[in-house]
Amino acid sequence: MKILYAVQGTGNGHLCRALDIIPILRDLGEVDVLVSGIQADIQLPFEVKYRLHGLSFIFGKSGGVDLWRTFMSSTVRKFVQEINQLPVEQYDLVINDFEPISAWACQTRDVPCVGLSHQIGALDAASPKPDEKDMLGKFIMKNYAPTSTSYGFHFKAYSKNVFTPVIRQSIRELEPKDLGHYTVYLPSYDDAHLLKHLSKFPDVQWDVYSKHNKKQFTLKNVTINPIQSDSFIKSMANASGVLCGAGFETPAEALYLNKKLLVVPMKNQYEQHLNAAALEQMGVPVINSLKRKYEYAIEAWLNSKNKVSVDYPDETRAIVTKIVEKHK
């Protein structure tokens with residue numbers, strides 16, 4: 001069986017999940033991998049047959065998506081060209097992790113496309129939703145990568161086709177400790193913003209992983225590190241707590257490691273507000289930004305000992321195998 005596995009390359013979470021899913025798919029058929037997007041920092045240790053520009057959300061520097069740069073980086077002509085050139089009809093099964101080129105190629109040629117992504121889980125009717133309505137954000141998310149059949153991942157299994165997170169094996173094999181520092185991953189803030197806000201807590205050692213710097217440096221109590229997967233995992237496993245955006249994989253891994261967690265949902269990013277609603281319902285504190293009015297909330301979190309317990313069994317092989325058998 002020929003399988004096309006298409007992965008979104010904006011951010012690192014989709015590629016982290018692919019690290020575990022691709023070997024399982026290879027046991028079930030002949031697999032070609034497609035990655036589209038230009039914002040990822042992780043390289044897959046597998047052959048990638050299709051590397052496409054796709055549609056990438058560009059992170060800003062002060063807590064949100066840079067809408068102008070996002071618009072400028074995405075040309076309709078190139079997007080349509082990539083859709084038309086992708087030979088999806090050559091595959092027996094197309095599995096899509098929120099990847100737009102393969103999704104729209106299947107849509108326009110009436111080829112079945114099986115969605116397997118966190119976004120599907122977050123949009124599921126049974127999943128928590130934010131109080132604030134973002135109709136445009138919801139519309140974009142629902143139509144970004146349309147699929148004919150949908151399966152999702154979320155912080156909880158909210159319905160029969162929504163599963164708990166894929167926790168990669170490199171995380172499951174860790175033995176967490178508490179060495180006293182706090183790990184930070186907020187890619188929509190630049191280093192200057194992070195240094196400004198985090199240095200206001202001088203008794204805390206902050207270990208920051210930054211998309212905006214290629215060399216490590218330390219200023220006062222804040223260490224800025226370039227994003228390196230192994231180093232980040234080690235830092236998180238040995239941290240007292242994790243301060244991060246309201247993405248999916250990093251919060252899920254922090255919860256699995258039983259770390260104290262504080263999330264800051266990215267502005268202009270509907271998915272992160274869906275995630276924040278789910279995390280808040282579970283008892284994870286959420287703040288809207290790092291601005292001065294949230295400093296008391298950060299201080300309270302630093303002084304708190306409350307952690308949210310989760311049960312994320314290793315079911316990835318069973319889930320992927322069941323989906324492939326059902327749709328082959």
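Is D32 buried or exposed in this predicted model? With a relative accessible area of 12%, D32 is buried. That residue is a good place to start the tour of close-ups below.

**View 1. K49 and D32, a salt bridge with one partner buried and the other partly exposed.** Here K49 pairs with D32, and the closest N and O atoms sit 3.5 Å apart. K49 comes from the loop between strand 2 (30–36) and strand 3 (50–52), while D32 belongs to strand 2, so the pair ties together parts that are 17 residues apart in sequence. K49 counts as partly exposed because its relative accessibility is 47%. D32, on the other hand, is buried at 12%. This is part of a count that comes to 8 salt bridges.

**View 2. E253 and R168, a buried pair.** In this salt bridge the closest N and O atoms of E253 and R168 are 2.7 Å apart. E253 lies in helix 10 (residues 249–256) and R168 in the loop between strand 7 (162–163) and helix 7 (169–172), so the contact ties together parts that are 85 residues apart in sequence. Both E253 and R168 are buried.

**View 3. K200 reaching E295.** K200 forms a salt bridge with E295, with 2.9 Å between the closest N and O atoms. The two come from distant parts of the chain, 95 residues apart: K200 is in the loop between helix 8 (191–198) and strand 9 (206–210), and E295 is in helix 12 (residues 295–303). At 38% relative accessibility, K200 counts as partly exposed. Elsewhere, salt bridges with shared partners join R17, D97 and E249 into one network.

**View 4. E82, buried without a salt bridge.** What is the nearest side chain of opposite charge to E82? It is K78, 4.3 Å away. A salt bridge needs a side-chain nitrogen of Lys or Arg within 4 Å of a carboxyl oxygen, so this pair does not make the cut. E82 lies in helix 3 (residues 76–85). Setting aside neighbours within four places in sequence, E82 is in contact with L52, H53, G54 and I101.

**View 5. F79, another residue of helix 3.** F79 counts as buried because its relative accessibility is 15%, under the 20% cut-off. Beyond its neighbours within four places in sequence, F79 is in contact with L55, P100, I101 and W104. I101 is also on the contact list of E82, so pull up both residues if you want to see what that side chain touches. For a sense of scale, the C-alpha atoms of F79 and M1 are separated by 28 Å, with the two positions 78 residues apart along the chain.**View 6. A patch of positive charge on the surface.** K129, K133, K138 and K142 gather here. One of them, K138, lies in helix 6 (residues 135–143). K138 is partly exposed, with a relative accessible area of 34%. That clears the bar for patch members, because these need over 30%.

**View 7. A nonpolar patch on the surface.** L136, F139 and I140 make up this patch, and together they have about 320 Å² of accessible area. L136 sits in helix 6, the helix that also holds K138. L136 counts as exposed because its relative accessibility is 59%.

Definitions and conventions. Residues numbered from 1 in each chain as written. Predicted model: local features only at pLDDT ≥ 70, side-chain atom pairs only at ≥ 80, totals over all residues. Heavy atoms only, no water. Patch = residues over 30% accessible without salt bridge, like charges linked within 9 Å, V, L, I, M, F, W, Y side chains within 5 Å. Areas by Shrake-Rupley, 256 points an atom, 1.4 Å probe, with all protein chains shown as cover. Lys, Arg positive; Asp, Glu negative; His and termini not counted. Charge placed at Lys NZ, Arg CZ, Asp CG, Glu CD. Helix = DSSP H or I, 4+ residues; strand = E, 2+ residues; numbered from the N terminus. Buried < 20%, exposed > 50% of the residue type's maximum accessible area, 1.4 Å probe, protein only. Contact = heavy atoms within 4.5 Å.
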